[in-house]
Structures are given as structure tokens and as C-alpha cells.
Amino acid sequence: MAKGTKELKRRITGVKNIQQITRAMEMVATQKLKRLQMRAEAARPFSEKIQQMVARLAGSVRPELSPLLQAREVKVTANLVISSDKGLCGGLNTNVLRLVNQQHKEWKAKGIDVDYVVFGAKGLSFLQRLGANIVSSAVQLGDRVHVDKLVGPMKVMIDKYMAGEVDEIHVFFTTFVNTMKQVSRQARIVPIPDTYRTPTGEVREVTVSDGAWDYLYEPDARELLDGMMRRYMEAIVFQMVNENMASEQSARMVAMKAASDNAGKIINELQLIYNKSRQAAITKELSEIVGGAAAIGA
């Protein structure tokens, strides 16, 4: 019995140590979430406005002015997958990578080749196991990502599209809705769609009350449009990365809160078993003492 109580005590100590770690991770995630949520929400108005502006352009100007406006027969797609570098964030990565896997199988069934650009170690390891064609990747982006860290992998996608090696560019990411809700989404960003997506995920069509817009371009329409389209992609991807980072900390905070609560329940159950076992051992020892004294007195 003594051996059993020692084992229970060791298990209780181990679970308490784990609970301390999960509580610390919950507190860290809570502090990071506040900052990342502010960043994601602050960038949303600009992201929505540039989507609306570019969608209006896509429906108003001649597609031949920019390859980024031209729809092609889809033979090859390039896909940007945004995931986290670390785990312990619930089903965040699982949900978005499940979406990637489903779409990957659909494209392959149609005979469409698929290239990938990956942000985040979790997505990179998943696609490597999948045997996908990864053309570029970026990991360890940190908690405060800068556009210059994203430009390199994004340029690979854009250059392949401009060279005619890729016919569409899609992005897979997670949108931050609130602390308890994060939604995995897929969106096509090239060719430029004639719709735009609000921060809440609602897809809206561009409406122009006075007919088609007419623009004057200086110095050259093609040069100006190509430069603006690249800024559009940088802004959209930067916003999606911020949304994913806020979602990661939110999911980690909730997951660590649940882990701490479950650890507390396990500790209570083990403590109850330990107390019963200890009480049984004490009762047995007292019975042996009383029995021994009775035998000597007899």
C-alpha cells in the first residue's frame, strides 16, 4: 500500500507541474492576443478598402492591361498556406490543413498541378509529409511580422504567374472572429476577383451606380496597374498573416485554459484516491497494532 501511495503522490506532483506550465502559457497567450488582435483589427479597414478598389478596377478596365486581371484555363495553381510555427493551439492548424488537403485532392482529381508557398513550420511539415511541391517557405516569423519577411515567398508566386507558369493563386488562412471563434478560409487572390471580402468573411460584389469607371493612367497603365496589384497582394497577405497570428494566440489561450481546468480535475480525483489509500493503510496498521496487543495480552 505504501508503494501505491508513493506512486499516487508522484503522479499528483507531476500533474501539478504540468498545470503550472499550462497556466503560464495561458497568461502569455492572453497578453500576446491583446496586442495581435489590435494589429489585426487596425489593418482591416485598409485591407477591405484596397480589395474593394482593386475589385472595381477588375470590373472596369481592360483585362489585357495587366496579367493579374486575366482569367486563364486553370492547369497549375499556386497556393499560399498560412499556419503557425508552434503547436498547443487547439485545432487551429488542423482545420486549415484539412481544408488544404481536401482542395489538394480535388485539384489532383481534375488533373491540375499544385504548387505551394508556406508560412509557418506546421504547414511546412504537413505539406512535406503530403509530398506536395513546395516552391518557397518562411518559418519563425515571430510575433510581430514585417512585410519584408513575406515579400520573398510572395514574389516567387507572382513571378511564376506573370511568366505564365501558374494560372491561379489561392491562399489558405484562419480569420480571427472573436476569442472563442476562428474560421479557416480559402480565397482566390489572383486573377483579381470582382468581389471583395469583409473582415467578418462576408463576400460582397462591387456596385458602381454611375456605370463603369474611367481612369487616366500616368506614366503608363500597365506599369501602374502591375505595381498597384503587387501592393494589393502584399497588403492582403500581410492582413491574413496578422489574422492568423491573432487566431493562434486566441486558440492557444483557450486550449491552455481547458488544459489547466482538466489538470485541476485530475488532481482532485488523484487526491481523493490518495486520501482513501492513505486512510486504508493507516486503518490496516492500527488493526495490526490492536491485534498484536490483544495477542500479547492473551
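T175 stands opposite V183 in strand β5. The structure described here is a predicted model.

**Strand β4 and its neighbours**

Strand β4 covers residues 168-178, and β5 covers residues 181-190. The two pair in the antiparallel sense over nine bridges, and a hairpin of two residues joins β4 to β5. Strand β4 also pairs with strand β1 (residues 76-82), here in the parallel sense and over five bridges. In that pairing, T77 has E168 of β4 as its bridge partner. Nine of the 11 residues of β4 are buried, so the strand is mostly covered.

**Aromatic and charged contacts**

Which residue of β4 takes part in an aromatic pair with W107? The count of aromatic pairs comes to one. W107 and F172 form this pair in an edge-to-face arrangement, with 6.5 Å from centre to centre and 80 degrees between the planes. W107 belongs to helix α2 (residues 92-109) and F172 to strand β4, so the pair ties together parts that lie 65 residues apart in sequence. The angle counts as edge-to-face because it is over 60 degrees. Both rings belong to buried residues: W107 has a relative accessibility of 6%, and F172 has a relative accessible area of 0%.

A charged side chain also meets a ring: R72 lies over the face of Y161, at 4.0 Å from the ring centre.

**Backbone geometry**

Most residues other than glycine have a negative phi, and most peptide bonds are trans. The table gives two residues with a positive phi.

| Residue | Phi | Place | Relative accessibility |
|---|---|---|---|
| L88 | about 55 degrees | loop between β1 and α2 | 54%, exposed |
| Q140 | near 55 degrees | loop between β3 (133-138) and α4 (147-162) | 55%, exposed |

L88 and Q140 count as exposed because their values, 54% and 55%, are over 50%.

Where is the cis peptide bond that involves P191? The bond joins V190 and P191, with omega about -5 degrees. P191 is in the loop between β5 and β6 (195-197).

**A nonpolar surface patch**

On the surface, I282, L286 and I289 form a nonpolar patch, and together they have about 290 Å² of accessible area. One of these residues, I282, is in helix α5 (residues 221-297). I282 is partly exposed, with a relative accessible area of 38%. This value of 38% lies between the cut-offs of 20% and 50%, which is why I282 is neither buried nor exposed.

Notes. Residues numbered from 1 in each chain as written. Predicted model: local features only at pLDDT ≥ 70, side-chain atom pairs only at ≥ 80, totals over all residues. Heavy atoms only, no water. Phe/Tyr/Trp six-rings, centres within 6.5 Å; stacked < 30°, edge-to-face > 60°. Helix = DSSP H or I, 4+ residues; strand = E, 2+ residues; numbered from the N terminus. Buried < 20%, exposed > 50% of the residue type's maximum accessible area, 1.4 Å probe, protein only. Lys NZ or Arg CZ within 6 Å of the ring centre and 35° of its normal. Patch = residues over 30% accessible without salt bridge, like charges linked within 9 Å, V, L, I, M, F, W, Y side chains within 5 Å. Areas by Shrake-Rupley, 256 points an atom, 1.4 Å probe, with all protein chains shown as cover. Salt bridge = Lys/Arg side-chain N within 4 Å of Asp/Glu carboxyl O. Pairing = 2+ DSSP bridges.
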